Amino acid sequence: MSGTTRLFAAVGWLLMMVTGAGGAAAAQLTAVSIRDEAREELVTISSDGPAPYQVFDLSGPARLVLSFPGTSVGDLAAPKGGRVVRLVRLRQQGADGVVELTLARPVHYTIEERGNDLRIHLPLPSESPRRRVAHIDDLAVVDQGEHSELILRGSHLDLPYTARMVNHDMTLILDLPHARARLPREHFSYSSPFVRDVTVGSSGDRVRLVVSLLKPGISHQIVATPGALRIHFGSGRLGHGAGGAEKPAIEVEAVRFKPEDRISHVVLTVRGGSPVVDLNKSDRAVRVTIRGARLRKGLERSMDVSAFPGAVKQIDTFRKGDDVRLVIRLRDKVSVSTFQRGDKLSINIEPQDLAIARAGVSGVNAFSYTGDKVTFDFKDIDIKNALRLIAEMSNLNIIMADDVSGKLTMRLVDVPWDQALDLILTSKGLGQERIGNVLRIAPIEALRSEYSSRLAVKRGSEALEPLITEFITLNYTKVADVKKMIDNAAAAAGKAAAAAAAGKKGGAGAPPAAGKPAGGILSPRGSILVDERTNTLIVKDTRASIDNVKRLVAAIDQPVRQVLIAARVVEASKDFNRDIGIQWGGVYNAQTQRNFPGAISIGAPAAASANAAAIAGGGGTAAATNTGFLVDLPAAAANGSIGISLGSFNNAVNLDLALSAAELNGSAKVVSNPRVVTTNLKPATISQGTKIAVVTSQGANNAATTEYVDATLKLTVTPQITSKDTVLMDVTVSKDSPVGTSANINTKTVTTSVNVKSGETVVIGGVYERTRGDTRNSVPGLASIPVIGWLFQKNARIDNKTELLIFITPQILQNTVTGGE
């Protein structure tokens, strides 16, 4: 059991009979008990009515969590733990009742529904029985029309075994952990319609049989009795006793889903005998048929496991005639293997790209191991026998030189067979050479000497090969770019050759020979010219090197996918300005009847008509008498004003008053919809705005110069088309605007990266500006007088808002021309 949360089972089969008009009430747990029965510990969970349930198998520590949706726990007390269940916790989680069992160790358990009781059977720990050893005395293959049987005869052959299908269901591996083989040889070949050959390997009390089949997808059944172990291939079913005894009832008791990161395991518990299993795989589903079996009540269901990582999204279990059918629905291409141990049948599903991802492991030996996993546990096994076992696993023909000898002691558990082969060869100083499906094993020094000889012969023949000239015209790629790639490859090969020469001489080494070194795309004798006018490469070299150039051109001279960038730019603004001002003035004239001063005059003497003219004119001075207001704070660009003129008949007192006001409230929206097409990974730029003239003085003797500065709204988008046809965009939005009437530029920039589907719209916002201000012009001191202070002040208010929104919609354009058409 791994540290990953393992969900297996699911909703228990619920049959609710509703009577009357009212709905059924929620069930409630009424009792939880633990007791020992024979060789198992029994946990019973009772409820007052049918209750659906879900089971979660957790580890770290080992726990069994049962969730009852829509069920109440109430005040139910938890019982004391036992020998297997150490602790019981009851809790209410929202509308669900939860029973959590903490186990002393991971165990294989079964769940039984009996009325309103749910019974969980957990085996008690027991002492291991005295170990018996099975003996294999004979091996034979018997063909019987539409099926064949591989029969092992001996004693104690009913001991536990493990079986797995590997190599794309063309190899069956049968491991007997406590057995010995008394066979005359290790390899057996047959002319059977199902079985090609059988290889038997043994070490101590462990025997492994590797059965090679003629085609994939052959159904098989294993039946073990004390005197014989029979493996049935093909149609039909084996009985379980001598003389055609009655076949026991095979039942599928449990179907569990166990995720292990991206690898998924579907584990079936099959009781009552050895099942006949058919497995068929397609791109969308894996279909498993268990012949002549019945399905336990409550297991005919669908499990949605799409929330877990991996390639499995749904598991459907149902009856089909006399068989049980399991359909594992996929969302990716997978590799499937099966593993059987006792009553457990495991279907292991691994995404095909997982092996490629694992091949990226860095290190000294960063090799890619993609073979099926094997397990070896041998002591003093002859190396030739070990290599023969790997040959059976890999479906390769192996030739071993006479000097391949020695013995091995190894224990390898679940390692790819190609990694096991590398380890065996490395431990004995051996190397391999693969030609087609033939693998040659020899000492490394012998292989290295042969390779050096062949390389020298090949280089000598290349020096004598005639040169030819080819004209290669490119459609979508510039010839200068291709030539640069070829030159870079030649330069890299030259550096590698120089480093190798320096290493051999133990010093700086001699410079490389004239010409291009071997290892590049062109040979040392080759040359390349470009004609940019016709976009043509002119290559002169050997036929093999010209073919290398053609393969390079075929790979890179492809039409680049294009993206239509549709942008909608919305700039909304709202302006509000209010200005209230006042103007007033007057004159006071009086005679004192004294010599000095004989008269007092405050203000500017003027006739009422002159003051009235000043008010009507809207200015600060009466044009007739040139008299002014004492307080002159009018509203700027007043849209309305009112004036009052008061005076006496003897012109002793005159008072003029003018109130002015202006208010501006406006809104605007500017919408533009530019479109541009760009290629993948190439930036597209959309810009709109004005140029501002900036006059720069050059001194007294030089004339001033005028420069134009851009004040624009600029949108730059760099699209990247992903493998799932989404568009990853790097977006930069900048807005430059002048500050008043000066030459200063106000700059705002937004940079982001978004991933959207083709045709969807993303909104870029945040370029928002608001200007608020209150201005008061007043006469110091007098404006602060309560009640009448307003006669000595002018008030203005401004509130301007500007917001910029950009809507970007990428659309992947389909290429209408391909390189081959």
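# A guided tour from Asn535 to the three-stranded sheet

Begin by selecting Asn535, which counts as buried because its relative accessibility is 16%, below the 20% under which a residue is called buried. Keep in mind throughout that the model on screen is predicted. Asn535 sits in the loop between strand S36 (527–531) and strand S37 (536–541), and its backbone is worth displaying, since Asn535 has a positive phi of about 55 degrees although it is not a glycine.

Next, go to Leu681, in the loop between strand S43 (675–679) and strand S44 (684–696). Leu681 is likewise not a glycine, yet its phi is positive, at about 70 degrees. Is Leu681 buried or exposed? With a relative accessibility of 53%, Leu681 counts as exposed, the cut-off for that word being over 50%.

Now turn to the aromatic side chains, of which the structure holds one pair. Select Phe257 and Phe308, whose ring centres are 5.6 Å apart and whose planes make an angle of 65 degrees, so that the pair is edge-to-face. Phe257 belongs to strand S20 (residues 250–260), whereas Phe308 lies in the loop between strand S25 (301–304) and strand S26 (312–320), and the pair therefore ties together parts that are 51 residues apart in sequence. Phe257 counts as buried, at 1% relative accessibility.

From there, select Arg256 together with Tyr109: the charged end of Arg256 sits over the ring of Tyr109, at 4.9 Å from the ring centre.

For the last stop, display the open sheet of three strands, which has the order S31-S34-S33 and mixed pairing. Which strands stand at the edges? They are S31 (397–400) and S33 (430–435), and because each has a single partner strand, one side of each is left without a neighbour in the sheet. From one strand to the next, the twist averages 25 degrees.

To follow the pairing in detail, colour S33 and strand S34 (residues 438–443), which pair in the antiparallel sense over six bridges; to place one residue in this pairing, select Gln432, whose bridge partner in S34 is Ile441. Then add helix H2 (residues 383–394), which packs on the sheet and touches S31, S33 and S34, with its direction at about 160 degrees to that of S31. Finally, bring in helix H3 (residues 417–427), which lies across S33 and S34 and runs at about 135 degrees to S33.

Notes
Residues numbered from 1 in each chain as written. Predicted model: local features only at pLDDT ≥ 70, side-chain atom pairs only at ≥ 80, totals over all residues. Heavy atoms only, no water. Pairing = 2+ DSSP bridges. Helix = DSSP H or I, 4+ residues; strand = E, 2+ residues; numbered from the N terminus. Axes fitted to C-alpha atoms, helices over the stretch in contact; angles between N-to-C directions. Contact = heavy atoms within 4.5 Å. Buried < 20%, exposed > 50% of the residue type's maximum accessible area, 1.4 Å probe, protein only. Phe/Tyr/Trp six-rings, centres within 6.5 Å; stacked < 30°, edge-to-face > 60°. Lys NZ or Arg CZ within 6 Å of the ring centre and 35° of its normal.
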